[in-house]
Amino acid sequence: MRAALYLRVSTTRQAEQDLSIPDQRRQAEAFAKRKGWSVAVEYEEAGASATDDKRPAFQRMIEDAKRSPRPFDIVVVHSFSRFFRDAFQSEMYIRQLRKVGVALVSITQETGDDPNGHLMRNFLALFDEHSSRENAKHTLRGMQENARQGFWNGSHPPFGYRTVEAERRGDKIKKRLEIEPREAELIRQIFALYLDGDGARALGVKGIADRLNRLGVRYREGRRFSTGLVYKLLTRTSYIGDHYFNQTDSKTFKEKPEKDWIHVRVPSILDPDRFHAAQAKLKQNNPRKTPPRIVNGPTLLTGLLFCATCGGGMTLRTGKANKYRYYACSTSQRMGKTVCGGRIMPMATIDNLVTDHLSQRLFAPDRLKALLSAQLKRAKQGQSTSFEKVKALRAEIRETEKAQARLYEAIEKGIASLDDDTLRQRLSELKAKREDCLRLIGSIERRNTGPVAVLSAAKIDAFGRAMQDRLKNPDSAYRKAYIRLHVARIELDDNELRMYGPKESLQNAIEDPENEAKLPVRSFVREWRAKGESN
């Protein structure tokens, strides 16, 4: 039998002292030798938590297990908590390994491979998950007290500061923040540029980012300055000595209630009057906050048109009291021409090019016939693939229902209690997973209901004429809705426009041209940055 050793520690302290990687390796190799197994490969994960599967070595091990031929038959871990500290995900990955003939064994928690062994392993996983949550709770409590005493908790210090040793308590080093002179001077320059200008003119957030990039000034790790980064620096209260710990949830990155924040005094970089003057100016210059108007705004190609050089969105710019309207590269406007040379084009010119092309070429009968014939052929082939997907989902539902049945059986026998929060959450997760599978099955079956449409010359011709008339309609909102049905992205280069879009929408429309207005319009969802920076 060939064994793979999975060796993991979650912190630097463990890596150096407690249950270190070499110690796990020594015990695992001795265990394999006693069993008569050969060690085929090792997967080492230093400083990675087992509460999720975002672990490179772990994912590599799972992928290797699914290869043919697979390089090992057994995965050996020191304890099941080294493999996972989430009961649901642990069982999911164990079953994935089992399906390809790979077993998971623990050198300190041998459970056997019979039903009783499986039940014991599940309880161990639930206990590990509960212990992980309790440890996280106690760790956070300790970090909060550490912050109350004015010490730094170990994350990257704010720009303008560095950490220094303040005192030692046993083997623990307590650190505080002190001013980093070079970075602090740059902070003062940014505030001076915002409040006083550069001697020739007043500078806004964008102007400061552009100036710093032109001068070759870089943020940490060589990062360029952007409007979002400059705004973040201009609004950080740490620079007047008021830093706050526990502002955001480490898992969801959502802001916590202000009552949970912990105030930490740090050395001041700025005079409070200068800082508050900058906040007042930012508030005065802040544009009116309105919901995103990507879909319902008056600009035809907002959210679809992008700069071909940098990939930044082309946004509305006006001139001479809104008399002239242009599409302009947002990256160039936001970060300056050192990042992207940018391009500006009259809005009417671009809008007409797009609508004329769709009207005259994309919806011409000959082109529609070629596009849709290939699409319908793929649709027929897709029905076979959908059948396999439904089969896999139904198998997953059966596995989920078996897991639920085992938990209910444990409750009936008095082994577990429904009052246990971890158990209730596990049952809730299984129920949600089953409902998700049912929803996906329903979606696939609805999509495959009925025969694949048959194209006729009359349908193609009628649809093409209807689309040409609609796209020439001067009602911008109506044109916009249709363009977003068929176009996903438009790239503007110096000499050409490139358009991309799905063919499925054309098939849906041509099957029932009388009801084309009922087709869904693409909605807008921003991909906000998790750390709170500008998008």
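Colleague: What makes the two faces of strand 4 (residues 103-106) covered or uncovered, and which residues sit on each?

Modeller: This is a predicted model, and everything here is read from it. L104 and S106 form the covered face of strand 4. A103 and V105 form the uncovered one.

Colleague: How do you know that strand 3 (residues 74-77) and strand 4 pair?

Modeller: Count the bridges. Two strands pair if there are at least two bridges between them. Strand 3 and strand 4 have 4 bridges, and they run in the parallel sense. One position to look at is I74, which stands opposite A103 in strand 4.

Colleague: And how do you know that strand 1 (residues 2-9) pairs with strand 2?

Modeller: The test is again at least two bridges. Strand 1 and strand 2 have 8 bridges, in the parallel sense. Here R8 stands opposite E45 in strand 2.

Colleague: In what order do the 4 strands of the sheet come?

Modeller: The order is 2-1-3-4, the sheet is open and the pairing is parallel.

Colleague: Which are called the edge strands, and why?

Modeller: They are strand 2 (38-46) and strand 4. Each pairs on one side only. Neighbouring strands of this sheet are turned by 25 degrees against each other on average, direction ignored.

Colleague: Which helices meet the strands?

Modeller: Helix 2 (residues 21-35) packs on the sheet and touches strand 1, strand 2, strand 3 and strand 4. Its direction makes about 155 degrees with that of strand 1. Helix 3 (residues 56-65) lies across strand 1, strand 2 and strand 3. Helix 3 runs at about 150 degrees to strand 2.

Colleague: What do you call the arrangement of helix 7 and helix 10, and why?

Modeller: Take the angle. The axes of helix 7 (residues 181-196) and helix 10 (residues 272-285) cross at roughly 50 degrees and come within 10 Å. Under 35 degrees would count as roughly parallel, and 65 to 115 as roughly perpendicular. The angle falls in neither range, so the two helices are oblique to each other. Helix 7 passes helix 10 in a left-handed crossing.

Colleague: What kinds of residue make up that contact?

Modeller: They divide into 8 nonpolar, 2 polar and 3 charged. Among those from helix 7 are F191 and L195, and helix 10 brings residues including F275 and L282.

Colleague: Is K433 in helix 14 (residues 421-447) buried or exposed, and why?

Modeller: Buried means under 20% relative accessible area. K433 has 18%, so K433 counts as buried. Leaving aside neighbours within four places in sequence, K433 is in contact with F88, E396 and T400.

Colleague: And D210, in helix 8: buried or exposed?

Modeller: Its value is 16%, and the limit is under 20%, so D210 counts as buried. With neighbours within four places set aside, D210 is in contact with M335, G336, K337 and T338.

Colleague: Why is E221 called buried or exposed?

Modeller: Exposed means over 50%. E221 reaches 85% relative accessibility, so E221 counts as exposed. E221 lies in the loop between helix 8 (205-214) and helix 9 (227-234). E221 also has a positive phi of about 60 degrees, although it is not a glycine.

Colleague: How do you know which kind of peptide bond joins S68 and P69?

Modeller: Look at omega. It is about 0 degrees, and the bond is cis. P69 is found in the loop between helix 3 and strand 3.

Notes:
Residues numbered from 1 in each chain as written. Predicted model: local features only at pLDDT ≥ 70, side-chain atom pairs only at ≥ 80, totals over all residues. Heavy atoms only, no water. Buried < 20%, exposed > 50% of the residue type's maximum accessible area, 1.4 Å probe, protein only. Axes fitted to C-alpha atoms, helices over the stretch in contact; angles between N-to-C directions. Contact = heavy atoms within 4.5 Å. Parallel < 35°, antiparallel > 145°, perpendicular 65-115°, else oblique. Left-handed = near helix turned anticlockwise from the far one by under 90°. Nonpolar A, V, L, I, M, F, W, Y, C, P; charged D, E, K, R; others polar.
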